[in-house]
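Got your viewer open? Load the model, pick a cartoon view to begin with, and follow along one selection at a time.

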Amino acid sequence: AWAGLDLGTAHIITQIKYCPRATQAGRMVGGVFQGSNSADFSNAVTLFTVTSAPADGVLTTQPISNSTAFRYVRYLSPANGWCNIAEVSFW
């Protein structure tokens, strides 16, 4: 499963802030945040992979160093993660 946004025009992503659903932080491990310039994400670029369970109830901030501008961004859940993300913002 995934949740994504069409930003309308391409933007350089400098940071991602995210928060898991309450009590489901472990389901985010292995999830990826991606950018793309095609709506079907056929040319998706991984911006960040969640490697450990984030804190519950707070936004975790991850700086991004990729300088490519993307129109489409998404969170792609790992297998059996069921897209358990409560909030995400791309800056």
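Here is a short tour, from the whole chain down to single side chains.

**The whole chain**

Keep in mind that this is a predicted model. With the cartoon on, look for secondary structure: you'll find 0 helices and 7 strands, so the pattern along the sequence reads β-β-β-β-β-β-β. The radius of gyration is 12 Å, close to the 12 Å that the globule rule gives for 91 residues, so the chain is as compact as a globular protein of that length. If you draw a box along the principal axes, the C-alpha atoms fill roughly 35 × 25 × 20 Å. Of the 91 residues, 36% count as buried.

**Strand S6 and its partners**

Now select residues 69-76, which make up strand S6. Add residues 2-12, strand S1: S1 and S6 pair in the antiparallel sense, over 7 bridges. For a landmark, find Leu-5, which stands opposite Val-73 in S6.

Next, add residues 32-36, strand S3. S3 is also antiparallel to S6, and 5 bridges join the two. Here the landmark is Val-32, standing opposite Leu-76 in S6.

**The aromatic rings**

Show the side chains of Phe, Tyr and Trp. How many aromatic pairs does the structure hold? There are 7. Zoom in on Phe-33 and Phe-48: their ring centres are 6.2 Å apart and their planes are at 20 degrees, under the 30 degrees that counts as stacked, so this is a stacked pair. Phe-33 lies in strand S3 and Phe-48 in strand S4 (residues 45-49), so the pair ties together parts that are 15 residues apart in sequence. Both Phe-33 and Phe-48 are buried. Widen the selection to Tyr-18, Tyr-75 and Phe-90 as well, and you have a cluster linked by ring pairs.

**An arginine over two rings**

Select Arg-74 together with Trp-2 and Phe-41. Arg-74 lies over the face of Trp-2, at 5.1 Å from the ring centre. Arg-74 lies over the face of Phe-41 too, at 4.2 Å from that ring centre.

**A loop residue to finish**

Last stop: Asn-84, in the loop between S6 and strand S7 (85-90). Is Asn-84 buried or exposed? Its relative accessible area is 1%, so Asn-84 is buried. Show the side chain of Arg-21 as well, and you'll see a polar contact of 2.4 Å between the side chains of Asn-84 and Arg-21. Leaving aside neighbours within four places in sequence, Asn-84 is in contact with residues including Pro-20, Gln-24 and Met-28.

Technical notes. Residues are numbered from 1 along each chain as its sequence is written. This is a predicted model: local features need pLDDT of at least 70, side-chain atom pairs count only at pLDDT 80 or more; totals for chains, interfaces and linings use all residues. Side-chain values use heavy atoms; hydrogens and water are left out. Two strands pair if DSSP finds at least two bridges between them. Helices (H or I, at least four residues) and strands (E, at least two) are DSSP runs, numbered from the N terminus. Rings of Phe, Tyr and Trp (its six-membered ring) pair if their centres lie within 6.5 Å; planes under 30 degrees apart count as stacked, over 60 as edge-to-face and the rest as tilted. Buried means under 20% relative accessible area, exposed over 50%, partly exposed in between (1.4 Å probe, protein chains only). A charge sits over a ring if NZ of Lys or CZ of Arg is within 6 Å of the ring centre and within 35 degrees of the ring normal. A polar contact is a pair of N or O atoms within 3.5 Å; within protein, one must be able to donate a hydrogen and the other to accept it, and residues adjacent in sequence count only if both atoms are side-chain atoms. Contact means heavy atoms within 4.5 Å. The radius of gyration is taken over C-alpha atoms; the globule rule is 2.2 Å times the number of residues to the power 0.38.
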